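Thanks for coming. I will take a few minutes to walk through one structure, so please have the sequence and the model open.

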2 protein chains.
Amino acid sequence: MGRPGRRGREGHRQEEKKPSVAPAGSMGGRYKPLLDSEVKQIFDAALVVLERTGIEVGESPCRETFRNAGCRIDPSINRVFIPPNLVEKAMSTMANEVLLAGRTPEHDLHLGSARVYMGTGGQAVKLLDLKGRVRETITSDNYHIGRLVDKLDNIHFYMRPVVCRDLENEDIDVNQFYSCLAATNKHVMANSYLPEKVKDLRIMANMISGGAEAFNKRPIISFTACWTVSPLRYAMETVEVLDEAIEHDIPVVISSAPQAGATSPAALAGTLVQLLAEQLSGIVYVNLIKPGFPLIMGCVPAQADLRTGAFTGGSGEFSLLNAACAQISQYLRIPIYNSSGISDSKVPDAQAGAEKSLTGLAAALAGSNYIHHSAGFLESLLTVAYEQYVIDNDINGAVMRMVRGIEVNDKTLSVNVIHDVCTNGPNHFLGHAQTLELMNTEYLYPQLMDRTTRDDWEASGKSDLRETAIVQAKEYLGNHWPKILSDDLDKDLRKHFKILLPENEMQPEGFWDRFLV
Amino acid sequence: MGRPGRRGREGHRQEEKKPSVAPAGSMGGRYKPLLDSEVKQIFDAALVVLERTGIEVGESPCRETFRNAGCRIDPSINRVFIPPNLVEKAMSTMANEVLLAGRTPEHDLHLGSARVYMGTGGQAVKLLDLKGRVRETITSDNYHIGRLVDKLDNIHFYMRPVVCRDLENEDIDVNQFYSCLAATNKHVMANSYLPEKVKDLRIMANMISGGAEAFNKRPIISFTACWTVSPLRYAMETVEVLDEAIEHDIPVVISSAPQAGATSPAALAGTLVQLLAEQLSGIVYVNLIKPGFPLIMGCVPAQADLRTGAFTGGSGEFSLLNAACAQISQYLRIPIYNSSGISDSKVPDAQAGAEKSLTGLAAALAGSNYIHHSAGFLESLLTVAYEQYVIDNDINGAVMRMVRGIEVNDKTLSVNVIHDVCTNGPNHFLGHAQTLELMNTEYLYPQLMDRTTRDDWEASGKSDLRETAIVQAKEYLGNHWPKILSDDLDKDLRKHFKILLPENEMQPEGFWDRFLV
């Protein structure tokens, strides 16, 4: 559907054939946590921080890039001081829109403006299995969760969810991308641990895309590079990964993740200032190397619980920070990646439902483009659970329905329908032609959330949402084996790369015996 | 705290001594689901409906009031047609702000603008007890839930939650108000079933307030009158209650509750048009009788699940409708009462957590003044549960923290704090003077939501939020016995009115034996 005539909305989903009640890429931005003047104040303060406090950058080609552009460097404290004119210049060259492509166009993400997409995030180290047991994560989890996500319409992209704790470091990069790309046609994002692996990943993406040119037009993978350690310090080994991604023209998120009260100021506004300073430094850096490079700002503010110092997500403060970042990105006109769907709960209970909904709705209504972490996570990002993906699909659906909003036009205002029903009709709208016409386009019916009467619910077994979601997850995991890579392509990939996901792991035969021991 | 310098926020909570991290009455309105031009389109369409389709009003003093004001009446179809000039006139006389007072000023509700208060709603017919059993609701439930609500800071008012199914009709009105007023100092709202009881209720309120003048200044009770049956028909017996409330100067909500697709158009915009037409007719009517009367528009849009026709709350569509109503009320400049916190779930699970959060956050960010139903409810308004009140208190806290927003000023921008930490400091903000200063004013610590590690959580018994909330509800119910009515006053009330809540029910002695049999 979409809301025709809305600012910039039209046109960006023209490839999609079947209208969705809660379309990916709907235009957010109706929630503005900050006044416009406050956004400007935060931006101006970030410029002061960049010029006066600067960024800590070790000796490196990166630092030379800043030096050559005219930045003052103090080598005794490894700090680079970035003047406002460089920020201004970067803002004039940076990409305002970035395409992250799906293998098939209905999964394309047109990041920019206030268009909203919600997807998975990474990276968990523990998995809560379908019997409620917790174990370490392994490579094949990225494949099986990918198959599950492939079935869930309100999860719009697939960011590699878990750490491959079963692999050596040098095998992770290739295998985590492979496991995801083999599972779904949705866009795949992950990090790269080793800079020298980036080239391999570009080759793999070319092979799957059908060549380098095809990938350049429709990049089916992208990177996230956590290239800062807050406050205001570059992680030099990740800068190398970033450099390689730029070199090989793979779209990249520069992600900084300050925790208010621990690695950024306790004042929420101060955390935004520092985060924006970090981001602007990266926007300057990338645009110095390749102006207009497909760059996404990665604002991942969180908070420390100041009673204990522990990382926490899911709170009102967290939601405010993430929504504010979306608003700031629209002011800057650069695509944004940020977070929602984090919960501190250990299980898919009422707390998880609440925290995911609050954080997700805030970021989406504010118009964040690429909302990662918004499916599957528990325990402050440490654990994922299959049933949580299924639950979050329903939550994201409701959120996206809200982002789509209310269409107002002569037809929807329904003045004649009301007149008809009240003066000629049966005094109700059930069965009215308008009702029948709209029942499947105006309303999203949740997949799992229960709307039956208590009697019917009791008769059908009194399942709470977690129990229902486990049943649904089992069905998808058992039955959905999408053929994403052709046999030839897969053979080719396995010849070129050291693929450690066993072929039989990608077959339904004997799945439950391997999976749920 | 509040956000100084924000439009209209300052001053309205000056009575409150202790600053709250998530203050009642914080200014919403940062989420605007509609464009300003769309609000105007909806308003204009509602005027067309009022003039052309009209309202069904039976022969009554009410209809004569409309006739005397110049409305065309068609007695053959009982319809009153209201011209735009009468709406315009009512809008020039109607109250833009309404005080609903607590027994103590910290509980005052200053309805109007986009100030947000969240509280309970009514009325359930079933109660899920602390052992998970469902039973019919009785009078004493209103008292015990009131004591529980009295302990919960993020529930700002007490609307009578349950139907007294143990009483005869003629005893309900007095007893439901009494049971609530005896339990908490928060503002109490309920309906009146019988018009002739309104006078008694005014007398009771006078007695508790300390006289008629005291009540006129600080009305500690108010009414909700569901005076329409959608679409566009007056419920004549409730109009009589409304007439009595106006006569006795008790603030009143005129509430209409269309269900999109069943009793209003399936098009969301059309439901808003019809609802606004119903509301404007009531605003005209009340202001014809007493211009400037403390009237609150009661927008309670819901929806039918069009697969079954069943009432449903908790969806994205529901959230949009309620948020849109808040925005419309700000355009009209009249205080609003509406809904959130509805869930179709039967138990306090992930679904309940999600649905309550989505609906609550949308209405609050949109700036709804009096958000009822936002604590305790399950099963599409049929059931209440003690532990759900405790859970919703945490959800509402996070929501209100978000409504309060982000303070942006030279101090909070933290430019010097960042400089200090990065150049002189330990490179983190834990222990910094600003962090210590802000840790209890910038951050709301949830009462129940769990932020411990998985190991600690397992060691402490692996409770999900529902289990934790049951423990908390038990503690409050067992130990919190506020003395709201003095012995003399209570004796007086029991002399004047047929009070059916036994005195021993208001004593802790033997409570658990009576309560959890």
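Before we look at any sheet, one definition: two strands count as paired if DSSP finds at least two bridges between them. Also keep in mind that this is a predicted model.

Let us start with a pair in chain B. Strand 4 of chain B pairs with strand 5 (residues 109-112) of chain B over four bridges, in the antiparallel sense. Within that pair, B:L99 stands opposite B:H110 of strand 5. In general, strands of a sheet pair through backbone hydrogen bonds, and they can do so parallel or antiparallel.

Now the side chains on strand 4. In a regular strand, side chains alternate between the two faces of the sheet. Strand 4 of chain B, residues 97-100, shows this alternation. B:V98 and B:L100 point to one face and are buried, while B:E97 and B:L99 point to the other face and are not buried.

Next, the sheets of chain A. One is an open sheet of eight strands, in the order 6-20-19-16-14-11-10-9, with parallel pairing. Which strands are at its edges? They are strand 6 (117-118) and strand 9 (158-159) of chain A, and each pairs on one side only. Further in, three bridges join strand 10 (residues 188-190) to strand 11 (residues 221-225) of chain A. A:V188 has A:I221, in strand 11, as its bridge partner. Across strand 6, strand 19 (336-339) and strand 20 (370-372) of chain A lies helix 11 (residues 350-365), at about 165 degrees to strand 20.

Chain A also has an open sheet of four strands, ordered 8-7-22-21, and here the pairing is mixed. Strand 8 (134-136) and strand 21 (377-378) of chain A each have a single partner strand, so one side of each is left without a neighbour in the sheet. Strand 7 (residues 126-128) and strand 22 (residues 383-385) of chain A run parallel and share three bridges. In that pair, A:L127 is bridged to A:V384. Helix 12 (residues 386-404) of chain A lies across strand 21 and strand 22, at about 70 degrees to strand 22.

On to the two chains together. A turn of 180 degrees, with a shift of 0.0 Å along the axis, lays chain B on chain A with an RMSD of 0.0 Å. That is the relation of a two-fold axis.

How many residues does the contact take from each chain? It takes 98 from chain B and 98 from chain A. On the side of chain B that touches chain A, the largest share is eleven residues, from helix 11 of chain B. By type, the residues on that side of chain B are 53 nonpolar, 25 polar and 20 charged. Of the interface residues of chain B, 100% are also interface residues in chain A, so the copies meet through the same surface.

A closer look at helix 11 of chain B. At 1.5 Å a residue, its 16 residues should span 22 Å, and its end C-alpha atoms are 22 Å apart, which agrees. The helix is mostly covered, with 16 of its 16 residues buried. Just after helix 11 of chain B, B:G367 takes a positive phi of about 90 degrees.

Last, one residue in helix 16 (residues 465-479) of chain A, namely A:K474. Is A:K474 buried, exposed or partly exposed? A residue needs 20 or more other C-beta atoms within 10 Å to be buried, and 12 or fewer to be exposed. A:K474 has 17, so A:K474 is partly exposed.

How values were computed
Residues are numbered from 1 along each chain as its sequence is written. Chains are lettered from A and ligands numbered from 1 in the order in which they are written. This is a predicted model: local features need pLDDT of at least 70, side-chain atom pairs count only at pLDDT 80 or more; totals for chains, interfaces and linings use all residues. Helices (H or I, at least four residues) and strands (E, at least two) are DSSP runs, numbered from the N terminus. Two residues are in contact if their C-beta atoms, placed from the backbone, lie within 7 Å. Axes are lines fitted to C-alpha atoms, for helices over the stretch in contact, and angles run from 0 to 180 degrees between N-to-C directions. Copies are superposed by least squares on the C-alpha atoms of residues with pLDDT of at least 70 in both. Ala, Val, Leu, Ile, Met, Phe, Trp, Tyr, Cys and Pro count as nonpolar, Asp, Glu, Lys and Arg as charged, and the others, Gly among them, as polar. The expected span of a helix is 1.5 Å times one less than its number of residues.
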